[in-house]
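User: I'm new to this one and would like a close look at a single part of it. Could you take me through it slowly, and then show me what else is worth knowing?

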Amino acid sequence: MELANTLRQDGESRGGVLAHLERLETQVSKSRKKLEEPQNTQALEARIHELKCLRDKLRAEVKQRQARVKASTANVEPDQTLEISEQEILERKQENMKAILQAYHFTGISGKLTSRGVCVCISTAFEGNLLDSYFVDLVMEKPLWIHHHSVPVFIPLEEISAKYLQTNTQHFLFVLCEYLNAYSGRKYQADRLQSDFAAFLVGPLQRNSLCNLLSFTYKVKPEGQSFPFCARLLYKDLTTTLPTDVTVTSQGTEALPRMWEEQRAAHENLFFTKPLHQVFTSFAKKGEKLDMSLVS
C-alpha cells in the first residue's frame with residue numbers, strides 16, 4: 001500500500017511539474033511575441049518614412065520639370081538646355097512651314113526661307129484671272145511674329161494672327177488667303193462693272209475700300225427708254241465674293257407696274273447668285289435678243 005501511494009504521489013508530482021513547465025513555456029512564448037511586435041512596428045514605420053521621402057523627392061522632380069516647361073513656353077531666360085530645345089522647336093517649325101508652302105503651291109501660296117524665317121506670297125485670283133499678290137514676312141522666333149507685310153489695312157490681319165498664328169500657322173495662311181481672295185474678287189467685279197458696263201450705269205458706282213458695300217443706279221438697256229433701278233449690295237461675310245444682302249428699288253416714289261416689279265425681284269435674285277459682270281452680261285444678251293425681235 002505504501003509503495004502504491006508513493007508511486008501515485010510521485011506521478012502526480014511529475015504531472016504537476018510538467019503542466020507547470022508547459023504554462024511557463026506559453027508565458028515565455030507570449031512574452032517573446034510582445035517583445036517582437038514593437039520591433040515589427042518600428043520596421044514598418046521606418047519603411048513608411050522611406051517611401052514618404054521617395055514620394056517627396058519625386059514630387060520635387062515633377063515640379064522642377066513643370067517649371068522648366070513653363071519657362072520654355074513663357075518669354076523668360078532659359079538655361080542652355082532650354083535654348084537647345086527651343087532651337088529644335090524653331091527648326092521643326094521651319095520644316096513644317098516648308099511642307100505647308102509645298103502643299104499650298106497650287107492654291108496661290110508660295111514662299112521662300114529667309115535669314116529670319118520665311119516670306120510667304122499669296123497670289124489672288126478670280127474666275128481663272130490672276131489678280132494682286134501680297135506678302136507676309138514671318139520671323140521664326142518664339143513667339144512667331146510678322147516682320148513686314150503688304151496686306152491692305154482694311155483686312156483684319158491682326159485679328160486673324162491673334163487667333164491662329166501661334167497655334168496653327170497653316171490655318172492662319174488659309175484664312176488670310178480666303179480674305180485676300182474674296183477682297184480681290186469683289187474688287188475685280190466692281191472694276192469690270194465700271195469698265196465694261198459703264199453704259200448701263202446712271203451715275204458713278206459707289207464703293208468702300210473693302211468693296212463689301214456697293215451701290216449704283218442702272219438701266220437694263222443702255223440705250224433708249226428703260227426704267228432705272230437702284231441697287232445696294234452688302235457683303236457681310238468678308239470671305240465671300242457674292243453679297244449677303246441685296247436691295248433693288250425703283251428710282252422715285254411711284255409704285256412699279258407689275259412687269260417692272262417682277263423684273264426688280266428677278267434682278268435681286270441674280271445679284272445674290274452671280275458675280276456683277278455676269279449679271280450685266282445677261283442684261284446685254286437680253287437687250288440684243290430684244291433688238292433682234294424688234295427688227296424681225
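At what angle do helix α3 and helix α4 pack, and how many Å apart are their axes?

Analyst: Happy to. Keep in mind that this is a predicted model.

Let's start with your pair. Helix α3 covers residues 157-164 and helix α4 covers residues 169-196. They pack at an angle of about 155°, and their axes are 9 Å apart. Angles over 145 degrees count as roughly antiparallel, so α3 and α4 are roughly antiparallel to each other. As for handedness, α3 passes α4 in a right-handed crossing.

Who actually meets whom? From α3 come Leu157, Ile160, Ser161 and Tyr164. On the α4 side they meet Thr169, His171, Phe172, Val175, Leu176 and Tyr179. Sort the residues of this contact by character and you get 7 nonpolar, 3 polar and no charged.

Now step back along the chain to a hairpin. Strand β3 (residues 129-139) and strand β4 (residues 145-149) run antiparallel and are joined by 4 bridges. Between the two strands of this hairpin sit 5 residues. If you want one pairing to look for, find valine 136 in the model: its bridge partner in β4 is histidine 149.

Right beside valine 136 in the sequence is aspartate 137, also part of β3. Its relative accessibility is 7%, so aspartate 137 counts as buried; the cut-off for that is under 20%. Leaving out residues up to four places away in sequence, aspartate 137 touches Trp145, Ile146, His147 and His148, and also Thr114, Arg116, Val118 and Cys119.

Further along there's a sheet to explore. It is an open sheet of 4 strands in the order β5-β6-β7-β8, with antiparallel pairing. β5 (206-207) and β8 (245-250) stand at the edges, and each has a single partner strand, so one side of each is left without a neighbour in the sheet. Inside the sheet, 7 bridges join β6 (residues 213-219) to β7 (residues 228-234). One pairing to pick out there is serine 215 with its bridge partner in β7, arginine 232.

Finally, look for helix α5, residues 258-273. This helix lies across β6, β7 and β8, and it runs at about 155° to β8.

Definitions and conventions: Residues are numbered from 1 along each chain as its sequence is written. This is a predicted model: local features need pLDDT of at least 70, side-chain atom pairs count only at pLDDT 80 or more; totals for chains, interfaces and linings use all residues. Side-chain values use heavy atoms; hydrogens and water are left out. Buried means under 20% relative accessible area, exposed over 50%, partly exposed in between (1.4 Å probe, protein chains only). Contact means heavy atoms within 4.5 Å. Two strands pair if DSSP finds at least two bridges between them. Axes are lines fitted to C-alpha atoms, for helices over the stretch in contact, and angles run from 0 to 180 degrees between N-to-C directions. Angles under 35 degrees count as roughly parallel, over 145 as roughly antiparallel, 65 to 115 as roughly perpendicular and the rest as oblique. A crossing is left-handed if the near helix is turned anticlockwise from the far one by less than a right angle, and right-handed if clockwise. Ala, Val, Leu, Ile, Met, Phe, Trp, Tyr, Cys and Pro count as nonpolar, Asp, Glu, Lys and Arg as charged, and the others, Gly among them, as polar.
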